[in-house]
Amino acid sequence: MSTTVTSIGQPLGLPDLEPALLFFVFAAAAVHVCQRLVEQAAVVIGADARRASFARTALCVGSIVWALDAAGLFMYPDVVIGDAKLAPAILALIVMVVTGRWTIPPLTNTRSNLRVVVAAIGLALGMLAGNALMLSAFGGITLIMSWQAGAGALVLATVMAAGLALRHRSARLRTDPKAYLPFSWQEKVLGGLTVVPLHVCLANMFALEPATPAHGGGLKLMLALVLFGIVGTAYQVRSLRTDARQERSMNLALMLQNSAHARLREDGGQRLALIAERLPALLAPSRMALHFQPIVAADDVGGPARLEALLRVHDPDLGYVDPELFFLACERLGYTSMADRLVIRYALDLSETWRQPEFECEGISVNITPNTPFDDDFVEWLHRQLAETRCPPGWLKLELTEHAMINNAERLANVIRELAALGVGVVMDDFGAGYSSLAMLGDLPIEGIKCDRSFVSALEHDRRRQALLRHICAMARELSLKVTIEGIEAESALKIVRRLGAQDVQGYHIARPMPAGDVAQWLLARQSERYVQAPARTPFNAS
């Protein structure tokens, strides 16, 4: 598969029509495969996994571009098949693979358009260097260079790489996961059409001299190398697809107990990958905010309230960030403990004002992820935070999901006792949402259980659900556990759970989650309403 040039010191000129059409089909297919590879690599999470994925993607993309460049040389009438020099051809392949490894990660970046453009220029320069080496395998390159052809190649390669990367960025940054639109066939055809004039510019950058015939079967070795590259690329494509499926399966397994697993299926992990990419910035105080939703006594909804802290994360490009996906990204990258500690300290600072007696606030509750309590220094760290914020005993409660408690019951019991010594209670959240273990309620020194909102669904008309909830409340009373029911959205549901024996309730019927700045006003307004609604007392008559 080597070539010779019949004209001494002349550029290759324009290609013939029929081979140019075949080359266009090859180019469109190459654009499709390369874009799919980049899309799969972009959803991989974790530094080591991303490095490995990008390395294999660069190998595949570099091999495809190399094969495309070599095939394009046969479009030109002055090129004939002869022996090839392997060394420069292999060096061209190495240059293209290395260039892809350097530029593909920033090309998939969604944080900076400038980085995308700079990476596109780097990819274009790498393509120019690789093409020059490829040409030298088929004929001697003279020092005469066409600056017009070189500039055209640089501009076309940059525009194509940057355009595809920015289009990919725009698709990934859609705030609605269902609206993610991969590349259409029209866009891939346009990419293939761009490759044809790009190759013409590349092929005419230098004047070529006839190739010196190489001995030792250069053509056969070259064909073997191409075949090996095609087979290797196909294998790597399959491996990348397998890795992408495993990545999604791992994410879905971690989210099995949460509603966010449906959103992972909707967009194939694109949203999660974006959150992971921006995670360090999202952990900044300017991106994190806390809203608070009240928890009140079922038989005195106008009385004292406890406030549950709910994290809200916002990104300028992503908009609202789902908290469950946010914490899944933290879990995958090892930031869960940092995120939990930030939320706890933030909640303690915000709640300091509400400790005044006139607010009648009983404290705050904070959800934490399963592994945070097992950090060696967590209890000691929490002790320091409580001391620095002068937090009274009983003010802070931590909520852990039922699933987390089942998996770590034996270790967790000791941690809960240490937390109780600090005056911090632990509540089992989402009780009944997964695989419940009733024996665990007797083993863990928790203060209460929080029944999942699924218990309230259709509660008014579901006698079996009412019976189940009644027995849970009775069992909890026997174990001295307080029962909180989530998802109370109507007065009728409140009356039923009150009758069934629930002590505390939470839901939109009581109050929606509110920004921290609105909490004090809400607490005071409830007292005013209670004072107005209180029955007038008959004045004492001494006579």
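Begin with the whole protein chain in view: among its contacts with a separation of 6 or more, 78% are between residues 24 or more positions apart. This is a predicted model, and its secondary structure comprises 19 helices and 14 strands. Of the 543 residues in the protein chain, 49% are buried, while the chain exposes about 25,800 Å², with carbon and sulfur atoms supplying 60% of that area.

**Colour by confidence**

Colour the chain by pLDDT before selecting anything in detail; the average is 80, and 78% of the residues score at least 70. Select residues 212-218, where pLDDT stays under 50 and where the model has six contacts beyond four places in sequence. Then move to residues 536-543, another stretch with pLDDT below 50, which has zero contacts in the model beyond near neighbours in sequence.

**The cores**

Select next Phe326, Ile344, Leu382, Leu396, Leu398, Ile446 and Ile449, which are the residues with the most contacts inside the largest nonpolar core, a set of 90 residues. Helix α11 (residues 323-333) provides the largest share of this core, with six residues. A second, separate core has 48 residues, and Ala92, Met127, Leu198 and Val200 are among them. In soluble globular proteins, nonpolar side chains tend to be buried together.

Centre the view on Leu396 and display its surroundings: leaving aside residues up to four places away in sequence, Leu396 touches a list of residues that includes Arg306, Ile344, Leu348, Ile364, Val366 and Leu382. The contacts of Leu396 also include Leu386, Cys391, Gly423, Val424 and Gly425.

**Two helices with buried residues**

Select helix α9 (residues 270-277), in which eight of the eight residues are buried. The buried residues of α9 include not just Leu272, Leu274 and Ile275, but also Gln270, Arg271 and Glu277.

Go on to Gly191, which lies in helix α6 (residues 185-203) and is buried, with a relative accessible area of 6%. Beyond residues up to four places away in sequence, Gly191 touches Val31 and Met160. A distance label drawn from the C-alpha atom of Gly191 to that of Ala29 should read 9.6 Å, although these two residues are 162 residues apart along the chain.

**A nonpolar patch on the surface**

Switch to a surface representation and select Ile90, Leu91, Ile94, Val98 and Trp102, which make a nonpolar surface patch of about 490 Å². Ile90 lies in helix α3 (residues 86-107), and its relative accessibility of 34% counts as partly exposed.

**Salt bridges**

The structure holds 16 salt bridges, of which three make useful stops. Start with Asp315 and Arg287, whose side chains meet at 3.1 Å, N to O. Asp315 lies in strand β6 (residues 300-315) and Arg287 in the loop between α10 (279-282) and β5 (288-297), so the pair ties together parts that are 28 residues apart in sequence. Asp315 is buried, with a relative accessible area of 2%, whereas Arg287 is partly exposed at 23%.

Next select Glu399 and Lys450, whose side chains form a salt bridge at 3.0 Å, N to O. This pair links distant parts of the chain, with Glu399 in strand β9 (residues 396-401) and Lys450 in strand β11 (residues 448-451), 51 residues apart. Both Glu399 and Lys450 are buried. Adding Arg278 and Asp317 to the earlier pair, Arg287 and Asp315, brings up one network joined by salt bridges that share partners.

For a bridge within one helix, select Arg384 and Glu380, whose side chains meet at 3.7 Å, N to O. Arg384 and Glu380 both lie in helix α13 (residues 378-388), four residues apart, about one turn of the helix. Arg384 is partly exposed, with a relative accessible area of 38%, while Glu380 is exposed at 52%.

**Two positive phi angles**

Finish with the backbone at two residues. Glu360 is not a glycine, yet it has a positive phi of about 50 degrees; Glu360 lies in the loop between α12 (336-350) and β8 (361-367) and is partly exposed, with a relative accessible area of 29%. Asp430, likewise not a glycine, has a positive phi of about 60 degrees; Asp430 is found in strand β10 (residues 425-431) and is buried, with a relative accessible area of 18%.

Conventions
Residues numbered from 1 in each chain as written. Heavy atoms only, no water. Buried < 20%, exposed > 50% of the residue type's maximum accessible area, 1.4 Å probe, protein only. Contact = heavy atoms within 4.5 Å. Areas by Shrake-Rupley, 256 points an atom, 1.4 Å probe, with all protein chains shown as cover. Patch = residues over 30% accessible without salt bridge, like charges linked within 9 Å, V, L, I, M, F, W, Y side chains within 5 Å. Salt bridge = Lys/Arg side-chain N within 4 Å of Asp/Glu carboxyl O. Core = buried A, V, L, I, M, F, W, Y, C linked by side-chain atoms within 4.5 Å. pLDDT = per-residue confidence, 0-100.
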